[in-house]
Amino acid sequence: MGPTASGKTDLAIALCEQLNCELVSVDSALVYRGLDIGSAKPDYPHHLVDIRDPADPYSAADFADDANRLAVEITSRGKIPLLVGGTMLYFKAFLEPMADMPPADPAIRASIEAEATEHGWPHIHAELAKVDPAAAARIHPNHSQRLARALEVYRATGKPMSEWHELHQNSALVPADTYYIKQLAICPTDRAVLHQRIALRYELMMQAGFLDEVKALQERGDLTSDLPAVRAVGYRQLWEHLEGQTNLEEAVKKGIAATRQLAKRQLTWLRKWPDLAWIYTDADGNLKEFVSPEEPSPDVSGLTTVEATLNYLNIDPM
């Protein structure tokens with residue numbers, strides 16, 4: 001995961017060349033055919049790229065269905081599904097499909113965390129095992145977020161989380177019940193670096209024919225400004241220019257500003273994301289710091305982003 005222009009695609013491709021992986025795009029623009037330049041569509045093979053016409057909207061629920069199907073297909077080939085992208089709602093829809101689960105209870109969660117502070121998370125794991133042995137069996141004793149949530153659900157409702165899973169029609173599609181999941185985010189430490197990359201990338205897209213791409217979409221005649229594909233960041237602003245609402249210079253400025261706002265929203269999502277390892281880079285994209293959700297964080301001095309990530313994943317290269 002990561003904000004736009006953070007380097008996540010390059011890192012994912014580098015990992016894919018080292019590991020036995022297949023890439024799955026998690027991007028709400030890349031799914032559409034004809035949205036190539038403005039979506040920075042990669043040349044490297046990804047699943048879920050160019051799978052929809054722009055007139056046919058694609059939803060987070062569609063992504064969850066497709067991602068679950070692909071996870072089964074890829075693992076059946078003996079490979080690792082490597083999801084990469086910046087559409088956080090898609091990640092959430094895939095990882096947390098339990099839409100009818102009870103909402104979080106801050107008071108109960110605070111009580112559990114206080115217990116953990118006093119007695120340790122293995123104690124919380126033991127408490128969970130008493131009331132929900134099925135959940136305890138699949139959650140590691142040091143996996144604090146999932147432990148707290150499972151015990152919270154029981155204490156709030158009197159019903160084990162495993163029963164909630166059984167009641168839910170998509171219970172078989174909860175990835176954490178089936179797969180060992182590692183989550184990583186990459187981002188420059190300096191926000192100004194991200195802004196500079198966004199501006200440069202937008203300029204390069206314009207030089208590559210971004211305006212002509214949007215013009216071709218508009219000239220189809222069957223697309224409207226309320227479709228998700230046309231509302232994609234960058235596309236919407238040029239579409240408005242072609243409709244005569246702004247001049248080109250203003251449209252480009254608005255497109256860059258909207259992309260920066262997108263990056264800000266992505267980072268807001270990620271700061272609240274549980275169990276996330278952070279890969280911080282410098283202005284040149286070199287590894288500066290690696291922050292693990294487990295303690296202590298690994299020593300990555302002298303390592304590249306790829307090397308540090310491989311060490312964290314603890315997977316031998318091909």
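User: Which residues in H11 meet which residues in H13?

Analyst: Two helices pack when atoms of one come within reach of atoms of the other, here within 4.5 Å. In this predicted model, the H11 side brings Phe-210, Leu-211, Glu-213, Val-214, Lys-215, Leu-217 and Gln-218. They meet Tyr-235, Leu-238, Trp-239, His-241 and Leu-242 in H13. Sorted by type, the residues of this contact are eight nonpolar, two polar and two charged.

User: At what angle do the axes of H11 and H13 cross?

Analyst: Picture a line through each helix and look at the angle between the two. For H11 (residues 210-219) and H13 (residues 235-242), the axes come within 10 Å and cross at roughly 70°. Angles from 65 to 115 degrees count as roughly perpendicular, so that's the label for H11 and H13.

User: OK, zooming out: how many helices and strands are there in the protein?

Analyst: You'll find 15 helices and five strands. Along its principal axes, the C-alpha trace spans about 65 × 45 × 40 Å.

User: And how does the radius of gyration of the protein fit a compact globule?

Analyst: You set the value beside what a compact globule with that many residues would have. For 318 residues that would be near 20 Å, and the protein has 22 Å, which agrees. Buried residues make up 44% of the 318. Also, take the contacts with a separation of 6 or more: residues 24 or more positions apart account for 63% of them.

User: How many disulfides does the count come to?

Analyst: To call a disulfide, you need two cysteine sulfur atoms within 2.5 Å. The count here comes to zero. Take Cys-21: the nearest cysteine sulfur belongs to Cys-16 and is 5.2 Å away, so by that cut-off Cys-21 is in no disulfide.

User: Is Cys-21 buried or exposed? And Cys-187?

Analyst: Under 20% relative accessible area counts as buried. Cys-21 has 9%, so it's buried. Cys-187 is buried too, at 6%.

User: Which residues other than glycine have a positive phi, say Leu-48 or Asn-314?

Analyst: Phi is a backbone angle, and you just check its sign. Leu-48 has a phi near 65°, while that of Asn-314 is near 55°; both values are positive. Leu-48 is in the loop between strand S1 (21-26) and helix H2 (60-76), and Asn-314 is in the segment after helix H15 (305-313).

User: Are Leu-48 and Asn-314 buried or exposed?

Analyst: Leu-48 is buried, with a relative accessible area of 6%. Asn-314 is exposed, because its 68% is over the 50% cut-off.

Note on methods. Residues numbered from 1 in each chain as written. Predicted model: local features only at pLDDT ≥ 70, side-chain atom pairs only at ≥ 80, totals over all residues. Heavy atoms only, no water. Buried < 20%, exposed > 50% of the residue type's maximum accessible area, 1.4 Å probe, protein only. Axes fitted to C-alpha atoms, helices over the stretch in contact; angles between N-to-C directions. Helix = DSSP H or I, 4+ residues; strand = E, 2+ residues; numbered from the N terminus. Parallel < 35°, antiparallel > 145°, perpendicular 65-115°, else oblique. Nonpolar A, V, L, I, M, F, W, Y, C, P; charged D, E, K, R; others polar. Rg over C-alpha atoms; globule rule 2.2 N^0.38 Å.
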